[in-house]
Amino acid sequence: MGDALEARMQRLEDLVEINQLFIDYIEFLDAGDAEAYAGLFAEEGEIVLGPGTRAKGHDEIVPLITKVVEGKVGNAFHIVSSPRIQLDGDTARCQVMWTVIEKDEAGKPYVTLMGRHFDRLIRENGRWRFLKRTGRLDIPTFGG
């Protein structure tokens, strides 16, 4: 019974840490903190957000995200929802939905984009990190 209980506890801890990874991702993105954002990726971590929007490793991710959030910090916010996590030891496959909300000139919020991220995660140095994050745009544009 001890091994089974320990395995169940590890699973719960992994799920909580992975969910926190998703929360940290949007917090750092919305704050424009490219360094902290890049720190959520494994050493060989890769992000693919679309054609021409991909980076691998910390040294490529930081300038990419700096460019992506330029002029949007404080005006664009992300909501991440519906996480689906499949654990397999020190790796995981995940999918989350995301929604981007921006402010118009009058400060009124409106939804601009919706999509999903398909993730491969790895436990690296005892922490869950993105190994590969691939974005898909499901609804490209809303009026504002």
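In which sense do strand 1 and strand 6 pair, and over how many bridges? Have a look at the close-ups below, all taken from a predicted model.

**View 1. Strand 1 sits beside strand 6.** Here's the reply to the opening question: strand 1 and strand 6 pair in the parallel sense, and they do so over 4 bridges. For a landmark, pick out Ile47, which stands opposite Arg133 in strand 6. Hang on to Arg133, since this residue turns up again in View 4 as the bridge partner of Asp119.

**View 2. Strand 1 also pairs with strand 2, and the two make a hairpin.** Strand 1 covers residues 41–50 and strand 2 covers 53–56. This time the strands run antiparallel, joined by 4 bridges. Glu46 faces Lys56 of strand 2 across the pair. There are 2 residues between the strands of this hairpin, and Gly52 in the turn shows a positive phi of about 75°.

**View 3. Strands 4 and 5 form another hairpin.** Strand 4 (residues 91–103) pairs with strand 5 (residues 109–124) in the antiparallel sense, with 13 bridges between them. One spot to zoom in on is Ala92, which sits opposite Leu121 in strand 5. The hairpin leaves 5 residues between the two strands, and Gly107 in the turn takes a positive phi of about 85°. While you're scrolling along either strand, keep in mind that side chains in a regular strand alternate between the two faces of the sheet.

**View 4. Strand 5 carries on into a hairpin with strand 6.** Strand 6 spans residues 127–139 and runs antiparallel to strand 5, with 11 bridges joining the pair. Asp119 finds its bridge partner in Arg133 of strand 6. Between the strands lie 2 residues, and in this hairpin Asn125 has a positive phi near 55°.

**View 5. Helix 3 packs its buried residues against several neighbours.** Which residues of helix 3 are buried? They are Ile61, Val62, Leu64, Ile65 and Val69. These buried residues pack against helix 1, helix 2 (34–38), strand 1 and strand 2. A quick geometry check works out too: at 1.5 Å a residue, the 12 residues of helix 3 should span 16 Å, and the end C-alpha atoms are 16 Å apart, so the two agree. Just after the helix comes Gly71, with a positive phi near 80°.

**View 6. The largest pocket draws its lining from helices and strands.** Its space comes to about 500 Å³. Among the 21 residues lining this pocket, Leu49, Val68, His78, Val100 and Leu113 are the closest to its centre. Helix 1 (2–31), helix 3 (58–69), strand 3 (76–88), strand 4, strand 5 and strand 6 each give two or more residues to the lining. If you're thinking about chemistry, the lining splits into 13 nonpolar, 4 polar and 4 charged residues.

**View 7. Zooming back out puts the close-ups in context.** The chain holds 3 helices and 6 strands, and along the sequence they follow the pattern α-α-β-β-α-β-β-β-β. Its C-alpha atoms fill a box of roughly 60 × 30 × 25 Å along the principal axes. Of the 144 residues, 34% are buried. Among contacts with a separation of 6 or more, 51% link residues 24 or more positions apart.

Note on methods:
Residues numbered from 1 in each chain as written. Predicted model: local features only at pLDDT ≥ 70, side-chain atom pairs only at ≥ 80, totals over all residues. Heavy atoms only, no water. Pairing = 2+ DSSP bridges. 1 Å grid on protein atoms, 1.4 Å probe; cavity = no way out; pocket = protein on both sides within 12 Å on 5 of 7 lines; lining within 4 Å. Points joined across faces, edges and corners; volume = space filled by probe spheres on them. Nonpolar A, V, L, I, M, F, W, Y, C, P; charged D, E, K, R; others polar. Expected span 1.5 Å × (residues − 1). Buried < 20%, exposed > 50% of the residue type's maximum accessible area, 1.4 Å probe, protein only. Contact = heavy atoms within 4.5 Å.
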